[in-house]
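Student: I have a model open and want to work through it. Can we take it question by question?

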Amino acid sequence: MPWRRRRSRVSALEGGQEEEAPPEAAAVPSAPLTSPQQTEAAAERILLRGIFEIGRGSCDVVLSERALRWRPILPERPAGDSKHDWLCKEEFIELKDVFSVKLKRRCSVKQQRSGTLLGITLFICLKKEQNKLKNSTLDLINLSEDHCDIWFRQFKKILAGSTNVLAHSLHGVPHVVTAALHIIMGHVQLVDVCTFSSTGKLLRFGFSAMFGFGGRALALAEKYRWMSPNQRRDFAVIKALAKLKPEDCEISFLPFNTSDDVQERREQGSPKSDCNDQWQMIQGQFLNVSIMAIPCLCSVAPRGFAPNTRLNNGSMALIIARNTSRSEFIKHLKRYASVKNQFNFPFVETYTVEEVKVHPRNNTSGYNPEEEDETASENGFPWNVDGDLMEVSSEVHIRLHPRLISLYGGSMEEVNDSKVTCNCF
């Protein structure tokens, strides 16, 4: 593929058309000033740097936390050569626009397995017009297996998104070096774990779950996997808010007992409830139900979705948002990104619990093939469990297992304010 054609495809990411080379007569010495984009790029932390062939020329490629930048490698020319300066112009793509990455290989008909490695292909979502998107690709060509493997792993790690609330809660920041230091220094932290079961059958282990709005937003996001993680998240949240509706269900829970003898029994033996434990029940229409065994820190909730719980205190936070107006519910969601109390609303209730049972009273996910509801499914109601979609058609029983696993990290009692990246409101 000719270089000009490849370059025009990538340049569309910047929202403009491909630039024309300036005529020789208009050549002027370059000014010793830096553009805002160059200043911002210099301030970003560099993750990887290497050489790839892009188009038909070798390029110096730099991967930072937010962007991939490259500049052609050309022989030195006299200063003030405007044509040379234009050819050396740095190009970039923002990682929020990358929605997938794959290893590029050449395969023949006779080859049973993967063929010769050619490099890495990035799949990019481009804004064609105001409300239209299109797909594009960028090939990073390098025949070295080791070189491509390092870059491929880093891309996959970045594209995993910001939903790893466990790592963020353990380390305070989603930072690889910080996690490595905890391992080197031997910082081990015991962590509570939940089991999710239905009709007596274990479904999975987890640390947090959302039913209602949180589950429906994730179900929407899963249908748009071709978008980048940030775009997919914002789009799903906005669309779920546009079709906001409550779930009619019954919630039973076992309040957390703080007595010393009960605590000792839980830490040494089975987490099963005693017959003397008193279950409580509430019912009605709820916009969202959250069950959190850890604080669930992330970029959109710097203080955590459940700031009052801890990693290993033997309890879960049950947070219920009853039916209210859309505007009031949005105010509640926006509080997660601030230092204000997100639970200070008349329709929000919080409980400290050991076990929870969520039973939808209509016994159906609301699936109707004739209705346009992208969150409805024949498999059941959508649940958001640690960022994974779980569909269950009947009651879900969530039980806490105190200090079940040991992980490298520390207990984050105080977390500094961090930059919030969600711009969906």
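Student: Which residues form a nonpolar patch on the surface, and about how much accessible area do they have together?
Tutor: Keep in mind that this is a predicted model. The patch is made by L181, I184 and M185. Their accessible area together is about 350 Å².

Student: Is M185 buried or exposed?
Tutor: M185 sits in the loop between α6 (176-184) and β8 (188-198). Its relative accessible area is 55%. Exposed means over 50%, so M185 is exposed.

Student: At roughly what angle do the axes of α7 and α8 cross, and are the two helices parallel or oblique?
Tutor: Helix α7 covers residues 213-222 and helix α8 covers residues 229-242. Their axes come within 8 Å and cross at roughly 125°. That value falls outside the ranges for parallel, antiparallel and perpendicular, so α7 and α8 are oblique to each other.

Student: Is the crossing of α7 and α8 left-handed or right-handed?
Tutor: This is the pair whose axes come within 8 Å. The crossing of α7 and α8 is right-handed.

Student: How many of the ten residues of α7 are buried, and which are they?
Tutor: Helix α7 is mostly covered. The buried residues are F213, G214, G215, R216, A217, L218, A219, L220 and A221. The number for α7 is nine of ten.

Student: Where is M227, and what is the C-alpha separation of M227 and N135?
Tutor: M227 lies in the loop between α7 and α8. At 7% relative accessibility, M227 is buried. M227 and N135 are 92 residues apart along the chain. Their C-alpha atoms are separated by 9.1 Å.

Student: Is P229 buried or exposed, and how far apart in space are P229 and V98?
Tutor: P229 is in helix α8. Its relative accessibility is 18%, under the 20% cut-off, so P229 counts as buried. P229 and V98 are 131 residues apart in sequence. C-alpha to C-alpha, they are 8.2 Å apart.

Student: How many salt bridges does the structure hold?
Tutor: We will look at some of them one by one. The number held by the structure is 13.

Student: Which residue forms a salt bridge with D139?
Tutor: The closest N and O atoms of the pair are 3.9 Å apart. D139 is in strand β7 (residues 132-141) and its partner is in strand β5 (residues 98-106), 35 residues apart. The pair thus links distant parts of the chain. The partner of D139 is K104.

Student: Of D139 and K104, which is buried and which is partly exposed?
Tutor: D139 has a relative accessible area of 10%, and K104 has 28% relative accessibility. Buried means under 20%, and partly exposed runs from there to 50%. So D139 is buried, and K104 is partly exposed.

Student: Which parts of the chain does the salt bridge of R105 and E145 tie together?
Tutor: The closest N and O atoms of R105 and E145 are 3.8 Å apart. R105 counts as partly exposed at 29% relative accessibility, and E145 counts as partly exposed at 45%. The two positions are 40 residues apart in sequence. R105 lies in strand β5 and E145 in helix α4 (residues 145-159), so the pair ties together β5 and α4.

Student: How many residues apart in sequence are the parts tied together by R204 and D386?
Tutor: R204 forms a salt bridge with D386, with the closest N and O atoms 3.9 Å apart. R204 lies in strand β9 (residues 201-206), and D386 lies in the loop between β15 (381-385) and β16 (388-392). The parts are 182 residues apart in sequence.

Student: Which residue is linked with R204 and D386 in a network of salt bridges?
Tutor: R204 is partly exposed, at 24%. D386 is buried, at 19%. The residue linked with them in the network is D388.

Student: What is the phi of T199, and where is T199 found?
Tutor: Most residues other than glycine have a negative phi. T199 has a positive value. T199 is exposed, with a relative accessible area of 70%. Its phi is near 50°, and its place is the loop between β8 and β9.

Student: What is the phi of R403, and which strand holds R403?
Tutor: R403 is not a glycine, yet its phi is positive. R403 is partly exposed, with a relative accessible area of 37%. Its phi is about 50°, and its strand is β17 (residues 396-408).

Technical notes. Residues are numbered from 1 along each chain as its sequence is written. This is a predicted model: local features need pLDDT of at least 70, side-chain atom pairs count only at pLDDT 80 or more; totals for chains, interfaces and linings use all residues. Side-chain values use heavy atoms; hydrogens and water are left out. Patches are made of residues with over 30% relative accessible area and no salt bridge: like charges are joined within 9 Å, nonpolar side chains (Val, Leu, Ile, Met, Phe, Trp, Tyr) within 5 Å. Accessible areas come from the Shrake-Rupley method with a 1.4 Å probe; for residues, only the protein chains shown count as cover. A salt bridge is a side-chain nitrogen of Lys or Arg within 4 Å of a carboxyl oxygen of Asp or Glu. Helices (H or I, at least four residues) and strands (E, at least two) are DSSP runs, numbered from the N terminus. Buried means under 20% relative accessible area, exposed over 50%, partly exposed in between (1.4 Å probe, protein chains only). Axes are lines fitted to C-alpha atoms, for helices over the stretch in contact, and angles run from 0 to 180 degrees between N-to-C directions. Angles under 35 degrees count as roughly parallel, over 145 as roughly antiparallel, 65 to 115 as roughly perpendicular and the rest as oblique. A crossing is left-handed if the near helix is turned anticlockwise from the far one by less than a right angle, and right-handed if clockwise.
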